[in-house]
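Colleague: Before I rely on the terms used for this protein, I should like to hear the reasoning behind them. May we take them one at a time?

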Amino acid sequence: MIKLTWRVLTSLLDIFIIAFIIYYLLNIISGTRAVQLIKGLILIFAVALLSQLLELNTVNWFLDSFLTIILVALPIVFQPELRRALEQIGRGGFLKEQFWQNWGPKEINDIISAVTDLAKDKTGALIVISRRVGLKNYIETGIELNSKISKQLIISIFQHASPLHDGALIIENGRIQAASCFLNLSTRSDINPRLGTRHRAAIGITEESDSIALVVSEESGVISMAEDGKLSRNLDEGELRENLAASFEKSKEKSFMRRHI
């Protein structure tokens, strides 16, 4: 009786762990291009299972060969998603929500106000806001500041006379961690060729992590926001606030932005 009870408990624990892993992985890939891949793989596995049941040997051989090729290609094609997943696991992202936990309404309003003022003066800027996936490897490429968020500091960093105006300013855990940071540029071929380095860097960092990137164009003063590899352009102050509010909601802080900002 004791052995039977123990087997039942271990079986339930086994099922729970597998269900948790699947749920966590689905949350990681949610909203990325990997979702369509998963749908395709599920369909292929279903066809493969059916071919085995019906003893369709040729179909079964073809699908086995195809899946082998897919499994070899996956780490190459979906390298950004895989790295993002491993970074989240390494930082314990599935146990806690780090995004915005050290933030107040003043800091967020300072960022929005600074971006708006920089846009009015057509001062180029690139601000990266880290969420659950840390950006330590990029922070280390710049000048470490570890400063409180303030409108005046952000504006002064991106002035042309400042030695820190080139590169990205990175905000993490509610503080300005570093400025003049180097980011990887997106290599996608579908990006508008008229977009400059800042925009490609913003898209690139949001492809590799779950961060948000705010861009001010030096030529036009246009405000853009990148998230999940997608760029929203021509934002005014109200639209920027709404987009950030939507990002708060995605990070399970649905009431924070509307209540405080």
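Modeller: Certainly; helices and strands here are DSSP runs, of at least four residues for a helix and at least two for a strand, numbered from the N terminus. The model is a predicted one, and it has 10 helices and 7 strands.

Colleague: Where does that numbering place N173?

Modeller: N173 is in the loop between β3 (168-172) and β4 (175-181).

Colleague: What makes the phi of N173 worth a remark?

Modeller: Its value is near 55 degrees, which is positive in a residue other than glycine. Most residues other than glycine have a negative phi. K122, in the loop between α5 (105-120) and β1 (125-129), also has a positive phi, near 55 degrees.

Colleague: Why is N173 called partly exposed?

Modeller: The term buried requires under 20% relative accessible area and exposed requires over 50%. N173 has 31%, so it is partly exposed. K122, at 44%, therefore counts as partly exposed too.

Colleague: Why is L54 called exposed?

Modeller: Its relative accessible area is 54%, and the cut-off for exposed is over 50%, so the term applies. L54 is found in the loop between α2 and α3 (57-77). It also belongs to a nonpolar surface patch with L43, V47, L49, L50, L53, L56 and V59, which together have about 750 Å² of accessible area. Helix α2 (residues 34-53) gives the largest share of that patch, 5 residues.

Colleague: How do you know that the span of helix α8 agrees with expectation?

Modeller: The expected span is 1.5 Å times one less than the number of residues. For the 12 residues of α8 (residues 197-208) this gives 16 Å, and the end C-alpha atoms are 16 Å apart, so the two agree. Buried residues of α8 include H199, A201, I203 and I205.

Colleague: Why is S209 called buried?

Modeller: S209 is at 2% relative accessibility, and buried means under 20%, so S209 is buried. It lies in the loop between α8 and β5 (212-216).

Colleague: What makes the pairing of S209 and S211 a polar contact?

Modeller: Such a contact needs N or O atoms within 3.5 Å, among other conditions, and the side chains of S209 and S211 are joined at 2.8 Å. A polar atom of the S209 side chain also lies 2.8 Å from the backbone oxygen of I205.

Colleague: Why is the pair D117 and K151 called a salt bridge?

Modeller: The definition asks for a side-chain nitrogen of Lys or Arg within 4 Å of a carboxyl oxygen of Asp or Glu. In this pair the closest N and O atoms are 2.8 Å apart, so the criterion is met. The bridge links distant parts of the chain, with D117 in helix α5 and K151 in helix α7 (residues 151-157), 34 residues apart. The structure holds 7 salt bridges.

Colleague: What makes E218 and R198 a salt bridge as well?

Modeller: Their closest N and O atoms are 3.4 Å apart, and the limit is 4 Å, so this pair also qualifies. E218 is in the loop between β5 and β6 (223-227) and R198 in helix α8, 20 residues apart.

Colleague: Which residues do salt bridges with shared partners join into one network?

Modeller: They join R188, D190 and E207. Within that network, R188 and E207 form a salt bridge with closest N and O atoms 3.1 Å apart.

Notes
Residues are numbered from 1 along each chain as its sequence is written. This is a predicted model: local features need pLDDT of at least 70, side-chain atom pairs count only at pLDDT 80 or more; totals for chains, interfaces and linings use all residues. Side-chain values use heavy atoms; hydrogens and water are left out. Buried means under 20% relative accessible area, exposed over 50%, partly exposed in between (1.4 Å probe, protein chains only). Patches are made of residues with over 30% relative accessible area and no salt bridge: like charges are joined within 9 Å, nonpolar side chains (Val, Leu, Ile, Met, Phe, Trp, Tyr) within 5 Å. Accessible areas come from the Shrake-Rupley method with a 1.4 Å probe; for residues, only the protein chains shown count as cover. A polar contact is a pair of N or O atoms within 3.5 Å; within protein, one must be able to donate a hydrogen and the other to accept it, and residues adjacent in sequence count only if both atoms are side-chain atoms.
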